[in-house]
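Reader: Can you walk me through this one? I have a few short questions.

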There are 4 protein chains.
Amino acid sequence: MDFVETDVNVRYAETDQMGIVYYANYLVWFEVGRVAWSKARGFHYADMESKENRFMIVAEASCRYKSPAHFEDDIIVRTALGKATDRVIRYRYEILKKSTRQVLATGETAHVIIDRDFKPARLPKHYRGYFSLPSK
Amino acid sequence: MDFVETDVNVRYAETDQMGIVYYANYLVWFEVGRVAWSKARGFHYADMESKENRFMIVAEASCRYKSPAHFEDDIIVRTALGKATDRVIRYRYEILKKSTRQVLATGETAHVIIDRDFKPARLPKHYRGYFSLPSK
Amino acid sequence: MDFVETDVNVRYAETDQMGIVYYANYLVWFEVGRVAWSKARGFHYADMESKENRFMIVAEASCRYKSPAHFEDDIIVRTALGKATDRVIRYRYEILKKSTRQVLATGETAHVIIDRDFKPARLPKHYRGYFSLPSK
Amino acid sequence: MDFVETDVNVRYAETDQMGIVYYANYLVWFEVGRVAWSKARGFHYADMESKENRFMIVAEASCRYKSPAHFEDDIIVRTALGKATDRVIRYRYEILKKSTRQVLATGETAHVIIDRDFKPARLPKHYRGYFSLPSK
């Protein structure tokens, strides 16, 4: 599994009255992880939308929370490609506390490739390599 | 000043580690207020975007915070039209605690009418009445 | 399964540039559902924190997205208690489009009861009934 | 005016269906700017809360939006101290597009120093220097 790492510093906005990061924000960090993963693979997800008219709509998301994150914590978001076809892409994530590399959370998402009309579509051919798919 | 009132119940997601509603969320409530104001005037803002290709982009926003809001508080968002032309619309807001009608915050926003290409535009003619503008 | 229903109207803030509700916001709606479920059962979750010093920290969350939600959609959040002990509580959710009762998403969360020091704890005895647990 | 700069990369979560960053998120970026400003001055705001029991509650916030920010844009948040006493602190902000240094937005916030009971308080004496206040 080939994880790409990116850094996040916990924002006050991300905390809740329990004094920890609100649980939905981990899914935002997963998205930050996907963007970093794409850059590491050589493309910008923004271009896939604006130039290729292909969108990766989320079909499934899950997260297991092991230890809370706190305001001003330096966090590492680790993102790896899971099972991928040219129609469905899966990712895996690990959220780490940077200072100790303690795993705070793990998660997965699944995404379906769609076009601008929300119809199922395929990855553009020249994107297949980015997702470790054989060229056709 | 003709205020339209709508209710909001404070979400856990909206609190921060100070145990109160995070300050940026008042601007989200202002937006909830604008949607309620539009409905009270007889139109859906969603239709203005999807059917008229007119968008009200925010040009200015301000808020004065007088007393904090807490999780599960019942809140009233009061929204009134301020100065309006067919190019620039202003709103005023009051955020009240429902149980006591204590004013927790006040605010203003200004919006510029644009088209889908982000070029300055005018309100559709048949929307002028909604904004108390004389028909042309 | 005994679902409690509550209404949400989609906020502009909850949409993203795909023109649909951003995926993390469904977890916020789940939380809105839990608060409504608690009220229907006869207690305020806010009181459990402030008066009992018991917190329900999220341990797991998952969501399957079937059809997107859009700005100004009226949404029904359906929340049911899943497996519950006095240490771990599980919920199930269904997100419906109100006009058609189409299921837009389903999800689950698991919560661990902790005290103010984030140590594992038990539900207060007089809360057991709210969670369909036999009184001890 | 002594601006401290920090970088933000626009998250998908921060966009709305207009295809640009939702207006409330600029206030979140202001907060990211304040944290960076504090670090540059030599302290962590998190410590001020946890070690000194002093909180900077927001009393006023305003933003003027000049040009929209888009997904994946590299943004610079510039933060400067405005008028400060040991009871009320003001900041000024500029939001820039990194590639061109175009100013996308400007803003101000005012903060009141309070204690854990939300009573007005003063800056801890050894924090006065961080805010360019003469030591007493």
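The chat below covers one helix and one chain interface.

Author: This is a predicted model, in which local features need pLDDT of at least 70, side-chain atom pairs count only at pLDDT 80 or more, and totals for chains, interfaces and linings use all residues. Residues are numbered from 1 along each chain as its sequence is written, chains are lettered from A and ligands numbered from 1 in the order in which they are written, and side-chain values use heavy atoms, leaving out hydrogens and water.

Reader: Helix 1 of chain C: how many of its residues are buried?

Author: 14 of the 17 are buried, meaning under 20% relative accessible area with a 1.4 Å probe, protein chains only. Helices here are DSSP runs of H or I, at least four residues, and strands are runs of E, at least two, numbered from the N terminus.

Reader: And what comes just after helix 1?

Author: Gly42(C), with a positive phi of about 115°.

Reader: Switching to the interface. How many residues of chain C are in contact with chain A?

Author: 28, against 28 of chain A, with contact meaning heavy atoms within 4.5 Å.

Reader: Which three residues of chain C supply the most buried area there?

Author: Met18(C), Tyr23(C) and Leu27(C), at 29% of what chain C buries against chain A. Buried area is the accessible area (1.4 Å probe) that two parts lose on being put together, summed over both.

Reader: How many salt bridges between chain C and chain A?

Author: Zero, counting a side-chain nitrogen of Lys or Arg within 4 Å of a carboxyl oxygen of Asp or Glu.

Reader: Which element gives the largest share of that side of chain C?

Author: Strand 2 of chain C, with eleven residues.

Note on methods. Buried means under 20% relative accessible area, exposed over 50%, partly exposed in between (1.4 Å probe, protein chains only).
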